[in-house]
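Welcome to a short tour of a protein model. Have the structure open beside you as you read, and follow along from section to section.

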Amino acid sequence: MGDRASASPEFAAVFERGFAPLAAAVSDKRIPGGVLGIVDLKHGRLTRAIGSAQVVPATRPMTEETWFDLASLTKVIFTTTRILKLADEGVIDLDAPLTALLPDLRQYDADAWERKITFRQCLGHQTPFPAVEPIYTYGRDPDLLRAFILQRDWRAGPPVYSDINFILLGFALERLTKKTLRDLDPGQGLAWSADPEHSAATEDCTWRHRVLSGEVHDDNCSALQGSGHAGLFGTVTSVLDFAESLLDGTGASKSAIALMRTPLSNKRTHGWEHPYADWWGGTTCSPATIGHTGFTGVSLLVDFDRGRAATLLTNRIHPTRHFDSGILALRQAVGNLVYQS
């Protein structure tokens, strides 16, 4: 947790600038609440919470200890990091097809395009998989759904950001470890679920018939009972700890961090995004920045040139996703102010 008393005036001013748009969004009732955290290799870290962790059916305050459903931050904090570590160790060849670990992928059609996609293509979302697929509507048996995903004749299209890429990478991790993802260590300070009374609530779910808190919001991850694309929970402290480990080089090898920073397209690196026109991360961070967002209202920016990372954690879909929370403008405003010269 940030020590505000010992923070330099300059760093404290940066934090205040970045916190102002979050405070305004809560005041305007665009979002119930949020936590901002910034870590800087020279200046330490500062964190602050505002608003409510839950407003329906009861109200609970947001705190710096609140657990968040990290949604697609799971892709970068957990799945990407582990896939790149296995590549470092020579266990995975990033340019090999997924069938190296998932030989039963489209096993009834030797010429299927799905059998040719590689680990690297999945990391960079450079495959023909569709952007969205309501897998959970096909049932709730996790083993049956895994077989369905592996054997489906997927409709092919232009490369887009698709959860299917990381669902398959998660399957590969499960095959290697002979464990489900939820049986794997999620990492220091992270978890696959959290105490509902100490979590930021997400949606009043239309098919689970309850307000979700401390259990994964993502419908497909819930039905699969664990997936490589979502499901991780953490606090502002655990997200900043992860970000700081990338900045100081202790969280991954030099080669893995280099790949996280290496573009595979005009928007994406290995697992992450890099700055592009109208990026959600704003325009003031350096070109050496990577970042990612999560549907629940979370995001993380890591600027290697500045030695500074910022995470904005909100419950913007509570109690419903069907509301314009202004999250894109909020993320851009916070990013611009945090990295403003």
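## The largest pocket

A word before starting: this is a predicted model. The lining of its largest pocket is made up of 14 nonpolar, nine polar and twelve charged residues. The pocket has a volume of about 850 Å³. In total, 35 residues line this space, and those closest to its centre are Ser-72, Tyr-161, Asp-163, Asp-218 and Phe-295.

If you would like to find the pocket by its secondary structure, look for helix H5 (163-177), helix H6 (219-224), strand E8 (289-294) and helix H9 (327-338), each of which supplies at least two residues of the lining.

## The second largest pocket

The second largest pocket holds about 290 Å³ of space. Its lining has 18 residues, and Ile-77, Thr-81, Arg-82, Phe-242 and Gly-251 are the closest to the centre. Two helices, H2 (73-88) and H7 (236-247), are the elements that give two or more residues to this lining.

Which helix gives the largest share of the lining of the second largest pocket? That is H2, with six residues. By class, the lining of the second largest pocket divides into seven nonpolar, seven polar and four charged residues.

## An enclosed cavity

The search for cavities of 30 Å³ or more comes to a count of one. About 70 Å³ of space lies inside this largest cavity. The residues around it are Trp-280, Ser-299, Leu-300, Leu-301, Ala-310, Thr-311, Leu-312, Arg-331, Val-334, Gly-335 and Val-338.

Strand E9 (298-303), strand E10 and helix H9 are the elements that give two or more residues to the cavity lining. H9 gives the most, with four residues. Sorted by class, the lining has seven nonpolar, three polar and one charged residues.

## Helix H5

Helix H5, one of the contributors to the largest pocket, is worth a look by itself. How many of its 15 residues are buried? Twelve of them are, so H5 is largely enclosed by the rest of the structure. The buried residues are Asp-163, Ile-164, Asn-165, Phe-166, Ile-167, Leu-168, Leu-169, Gly-170, Phe-171, Ala-172, Leu-173 and Glu-174. Asp-163 also appears among the residues closest to the centre of the largest pocket.

The length of H5 can be checked as well. At 1.5 Å a residue, its 15 residues should span 21 Å, and the end C-alpha atoms are indeed 21 Å apart, which agrees.

## The six-stranded sheet

Six strands form an open sheet in the order E3-E2-E1-E10-E9-E8, with antiparallel pairing. Strand E3 (60-61) and strand E8 stand at the edges with a single partner strand each, so one side of each has no neighbour in the sheet. E8 is joined to E9 by six bridges, the two running antiparallel, and Thr-293 stands opposite Ser-299 in E9. Ser-299 is also one of the residues that line the cavity.

Strand E1 (residues 33-40) is a good place to look next. Eight of its eight residues are buried, so E1 is largely enclosed by the rest of the structure. Gly-33, Val-35, Gly-37 and Val-39 point one way, Gly-34, Leu-36, Ile-38 and Asp-40 point the other way, and all are buried. On one pairing, E1 and strand E2 (residues 44-54) run antiparallel over eight bridges, forming a hairpin with three residues between them; here the bridge partner of Val-39 is Arg-45. In another pairing, E1 meets strand E10 (residues 308-314) in the antiparallel sense over seven bridges, with Gly-34 opposite Thr-314.

## Cysteines without disulfides

How many disulfides does a search of the whole structure find? The search finds zero. Cys-122 is in no disulfide, and the nearest cysteine sulfur, that of Cys-221, is 17 Å away. Cys-122 counts as buried because its relative accessibility is 0%.

Why is Cys-221 not bonded to Cys-205? The sulfur of Cys-205 is the closest cysteine sulfur to that of Cys-221, but at 13 Å it is too far for a bond. For comparison, a disulfide here requires the two sulfur atoms to lie within 2.5 Å. Cys-221 is buried too, with a relative accessible area of 1%.

Methods
Residues numbered from 1 in each chain as written. Predicted model: local features only at pLDDT ≥ 70, side-chain atom pairs only at ≥ 80, totals over all residues. Heavy atoms only, no water. Buried < 20%, exposed > 50% of the residue type's maximum accessible area, 1.4 Å probe, protein only. Pairing = 2+ DSSP bridges. 1 Å grid on protein atoms, 1.4 Å probe; cavity = no way out; pocket = protein on both sides within 12 Å on 5 of 7 lines; lining within 4 Å. Points joined across faces, edges and corners; volume = space filled by probe spheres on them. Nonpolar A, V, L, I, M, F, W, Y, C, P; charged D, E, K, R; others polar. Expected span 1.5 Å × (residues − 1).
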